[in-house]
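Let's take a walk through a protein together. Keep the picture open beside you and look up each residue as we come to it.

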Amino acid sequence: MTLTLDEVASQSLARGAVGAALLHVERAWTGSGRWDTAQTHIRRVVAGPVDAADHAGLYYGAPAVAFLLHAAADRHPRYRAASQTMDEHVLRLTRKRLDAVGTRVDRGQPATFAEYDLFYGLTGIGALLLHHNPDSDELAGILRYVVTLATRPRHEDGTDLPGWWVAHDPDQILPTPGGHANFGMAHGAAGLLSFLALATLRGRVVDGQPEAIAVLTEWFDRWRQDGPDGPWWPQWITREELRTGRPAHARPGRASWCYGTVGIARAQQLAALATHEPRRRHAAEDALAASLADTQLDRITEPGLCHGIAGVFQTAYRASRDALGPALAHRVPVLADRLAQHAQSRGDEDGHPPAATGLLTGRIGVDLALETARHSTPPHTGWDECLLIT
């Protein structure tokens, strides 16, 4: 089956119509929008064939459409049957993806982002199943897979590499000769840790899961850097950095959900909640609070979820609801004000206009975070489950 460009865009959560429909469903739930508008947007998503091929993931294709339909099904039972049908496609896809992992391992090849990450890999599909098919064998299979990634290092050229080590670059313009180990929520260890922690908190545990959480938290302990603005972690490390035990950069990147301390600290807070470690929980919350200082927030130039203030706000909001102390809650109104200011701006400091649409980097994600800020309540649709922060 060959899809047209419009059909591909219609089922993208990252940049296409799924995100827009999700926003209108959330607005209908809160009363700031209408259900007939939401239904019009949902129909646009499901009007054509849905892609359930091997490259589909939480942010594209059948899993993305299932995520949307589940968001609407509680209020509109008419979508319940459609969501259950889509679930069958997702479960079938999951089984195929897990079989492909076995083939890759047998060949001795390293993992890839597309295999395991949140956007298009098994972690993202696992996040969907955790909330909507928690008792499925397929979710258990994904949990066992992530446990293996965390606990079984790769041995290459006499070097032990983490199981989630990839041979490719994090970005086409950012070469990492010999591959890299990613730390972020979107593509790396924070996403793996958050997924395992959330599953544990929901009572879904497979053999080796506590040990995998321990391995991942020890990884973050090992690579924690202490600076004048608080603790931070590298976005990724190369073979040379792994050899020396030191990151090449002397300071952290911008605060963000996808790669920065904000997402990493939330993953560690969730892990501490799952393993009942108050000391680690305090440390994670202190690290997150330090990353929300005005001097850190001033470095953020984008409004969006992935790299910008919307993702920082939504993550901090969720973390504040689980926090032991008031520091994070005190920063949430400040973040909400900054989010509103960024949303009103016409572009970034270089004059580039914000993307017109899109959940990850566009206006859709900003507007969804604004719904949380305006109502001061968790999203009715649970849309931020796709960020692995809840």
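Pro162 touches Pro153, Arg154, Ala181 and Trp219, leaving out residues up to four places away in sequence. You will find Pro162 in the loop between β2 and β3 (180-182). Is Pro162 buried or exposed? Its relative accessible area is 11%, and because buried means under 20%, Pro162 counts as buried. Now look for Thr151: Pro162 and Thr151 are 11 residues apart in sequence, and their C-alpha atoms are 8.1 Å apart in space. Keep in mind, as you explore, that this is a predicted model.

One of the residues touching Pro162 is Trp219, and Trp219 leads us to the interior. Together with Tyr59 and Trp257, Trp219 is among the residues with the most contacts inside the largest nonpolar core, which has 126 residues. Which helix gives the most to this core? It is helix α4 (residues 62-73), with 10 residues. Trp257 is a good place to pause. Leaving aside neighbours within four places in sequence, Trp257 is in contact with a long list of residues, including Leu118, Phe119, Met185, Leu305, Cys306, Leu360, Leu387 and Ile389.

Let's turn to α4 itself. This helix has 12 residues, and the distance from its first C-alpha to its last is 16 Å, close to the 16 Å expected at 1.5 Å a residue. How many of its residues are buried? The count is 12 of 12, and among them are Phe67, Leu68, Leu69 and His70. Around them you can pick out the helices they pack against: α2 (17-30), α3 (35-46), α5 (80-106) and α7 (122-132).

Next, compare helix α9 (residues 189-201). At 1.5 Å a residue, its 13 residues should span 18 Å, and its end C-alpha atoms are indeed 18 Å apart. Helix α9 is mostly covered, with 11 of its 13 residues buried; Leu192, Leu193, Phe195 and Leu196 are among the buried ones. Their cover includes the helices α6 (113-116), α7, α8 (137-151), α10 (209-223) and α12, and also the strand β3. After α9 comes Gly203, with a positive phi near 80 degrees.

That brings us to backbone angles. Most residues other than glycine have a negative phi. Here are two that go the other way. Asp157 is not a glycine, yet its phi is positive, about 50 degrees. Asp157 sits in the loop between β1 (154-156) and β2 (159-161), and it is exposed, at 74% relative accessibility. His276 also has a positive phi without being a glycine, in this case about 60 degrees. Its place is the loop between α12 (261-275) and α13 (278-291), and His276 is exposed too, with a relative accessible area of 68%.

Our last stop is a pair of helices. The axes of α16 (residues 327-344) and α17 (residues 363-375) come within 10 Å and cross at roughly 145 degrees, and the crossing is left-handed. Which residues of α16 and α17 meet there? From α16 come Ala336, Leu339, Ala340 and Ala343, while α17 brings Arg363, Val366, Ala369, Leu370 and Ala373. Sorted by class, this contact has 8 nonpolar residues, no polar ones and 1 charged residue.

How values were computed: Residues are numbered from 1 along each chain as its sequence is written. This is a predicted model: local features need pLDDT of at least 70, side-chain atom pairs count only at pLDDT 80 or more; totals for chains, interfaces and linings use all residues. Side-chain values use heavy atoms; hydrogens and water are left out. A nonpolar core is a set of buried Ala, Val, Leu, Ile, Met, Phe, Trp, Tyr and Cys residues joined through side-chain atoms within 4.5 Å. Buried means under 20% relative accessible area, exposed over 50%, partly exposed in between (1.4 Å probe, protein chains only). Helices (H or I, at least four residues) and strands (E, at least two) are DSSP runs, numbered from the N terminus. Contact means heavy atoms within 4.5 Å. Axes are lines fitted to C-alpha atoms, for helices over the stretch in contact, and angles run from 0 to 180 degrees between N-to-C directions. A crossing is left-handed if the near helix is turned anticlockwise from the far one by less than a right angle, and right-handed if clockwise. Ala, Val, Leu, Ile, Met, Phe, Trp, Tyr, Cys and Pro count as nonpolar, Asp, Glu, Lys and Arg as charged, and the others, Gly among them, as polar. The expected span of a helix is 1.5 Å times one less than its number of residues.
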